Amino acid sequence: MRAVVLLSGRGSNMEALLRADLPVEFAAVISNQPDAEGLAVATSLGVAIAVVDHRQHDGREAFDTALAAEIDRHAPDLVILAGFMRVLTADFVRHYQGRMINIHPALLPAFPGLHTHARALAAGVRVHGCTVHFVTPEVDVGPIIVQAAVPVFQDDDEASLSARVLEQEHRIFPLAVRWYAEGRLDLRKDATVRVEGVAASASALISPPPDAG
Ligand code: GRF
């Protein structure tokens, strides 16, 4: 299976994917930001990089057309959005329907959009987390593949909470990509998600825990 990763910044999720020993050929890492840290990381791990700078294109359609051309050059089976901070046009998203996934740092449908950790703290939620989902035209709304939940502690700040969530992002993103590569994951016509062969577990995360003093 061939995959292309899109990013805009640090690239820690991309790095987690590249290091996860997946049955995947990572054909390219593409950034809309020429100075994204993740590009150097990809290069150091031996993966080809490309930049499609949104500032060099007049409007969303022109940018998305150029981006799709760069992606399709690599003929990927899967397009992975790993901290890609551009809103994509509906035509672009439809072109990759069922073969483009994203990671979002919240338990969707709670906290779509930006600043999820600050908003989770402000809302006082006791459980927060991250979501891998198929991408659909509406931002952060696509069919959910896998989620991880973490407790929110009373002394958390944005940095401590985002670090706790990020650790789980680095676990569940490779998991979803592995399922896809193994043909165990797909988006059905009715927009539900099928994951084959996963073990059921009924354990619960209760936060704060019942035995807390
Ligand atoms: C992650 O929190 C991801 O969930 C969000 O953007 C951040 C990207 O971080 N979409 P990194 O570039 O993967 O380190």
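Let's start at a pair of charges: Arg-184 and Glu-182 form a salt bridge, with their closest N and O atoms 2.7 Å apart. This is a predicted model, so keep in mind that side-chain atom pairs count only at pLDDT 80 or more. The pair doesn't stand alone, since Arg-178, Glu-182 and Arg-184 are linked in a network of salt bridges. Glu-182 itself is partly exposed, because its relative accessibility is 37%. As a general point, side chains of opposite charge can pair when their charged atoms come close.

How many salt bridges does a search of the whole structure find? The search turns up 10. Two more of them are worth a look. In one, Glu-15 pairs with Arg-19, and the closest N and O atoms are 2.8 Å apart. Glu-15 is partly exposed at a relative accessible area of 25%, while Arg-19 is exposed at 55%. In the other, Asp-53 pairs with Arg-55 at a closest N and O separation of 3.1 Å. Here Asp-53 counts as buried because its relative accessible area is 11%, under the 20% cut-off. Arg-55, by contrast, is exposed, with a relative accessible area of 52%.

Now zoom out to the chain. The domain assignment splits off domain 1 (1–96) and domain 2 (102–196). Into their contact go 21 residues from domain 1 and 16 residues from domain 2. Taken over C-alpha atoms, the centres of the two domains are separated by 19 Å. Domain 1 and domain 2 bury about 1,600 Å² between them, and 74% of that lies on carbon and sulfur atoms. On the domain 1 side, the residues that lose the most area to domain 2 are Asn-13, Leu-81 and Val-93, which together make up 29% of what that side buries.

What about charges and polar groups across this interface? Between domain 1 and domain 2 the salt bridge count is 0. Polar contacts do turn up there: the rule finds 5 residue pairs, both residues at pLDDT 80 or more. As for which elements take part, helix 1 (12–18), strand 4 (78–81) and helix 4 (90–95) each give two or more residues to the side of domain 1 that touches domain 2. Helix 1 gives the most to that side, with 4 residues. Sorted by class, the side of domain 1 that touches domain 2 has 15 nonpolar, 2 polar and 4 charged residues.

Next, pick out Asn-102, which sits in strand 5 (residues 100–104). Is Asn-102 buried or exposed? Asn-102 is buried, because its relative accessible area is 11%, and the cut-off for buried is under 20%. Leaving aside neighbours within four places in sequence, Asn-102 is in contact with Leu-81, Thr-131, Val-132, His-133, Val-135, Asp-140 and Phe-173. Leu-81 is a name you've already met, as one of the domain 1 residues that lose the most area to domain 2.

Helix 6 (residues 158–181) is the place to find Tyr-180. Tyr-180 is buried too, given its relative accessible area of 16%. Which residues does Tyr-180 contact, leaving aside its neighbours within four places in sequence? They are Met-1, Asp-77, Leu-78, Gly-98, Arg-99, Phe-134 and Leu-185. There's also a long jump in sequence to look at: Tyr-180 and Pro-23 are 157 residues apart along the chain, and their C-alpha atoms are separated by 9.9 Å.

Arg-164 is found in helix 6 as well. Despite its charge, Arg-164 counts as buried, because its relative accessibility is 17%. Not counting residues up to four places away in sequence, Arg-164 touches Val-150, Pro-151, Val-152, Phe-153 and Asp-156.

Finally, follow the chain to Pro-210, in the segment after strand 9 (193–195). Pro-210 is exposed, because its relative accessible area is 70%, and exposed means over 50%. For a sense of where Pro-210 lies, compare it with Ala-40: the two are 170 residues apart along the chain, and their C-alpha atoms are separated by 45 Å.

Terms used. Residues numbered from 1 in each chain as written. Heavy atoms only, no water. Domains from an automatic or database assignment. Contact = heavy atoms within 4.5 Å. Buried area = accessible area lost by both parts, 1.4 Å probe. Salt bridge = Lys/Arg side-chain N within 4 Å of Asp/Glu carboxyl O. Polar contact = N/O pair within 3.5 Å; in protein donor to acceptor, adjacent residues only side chain to side chain. Nonpolar A, V, L, I, M, F, W, Y, C, P; charged D, E, K, R; others polar. Buried < 20%, exposed > 50% of the residue type's maximum accessible area, 1.4 Å probe, protein only.
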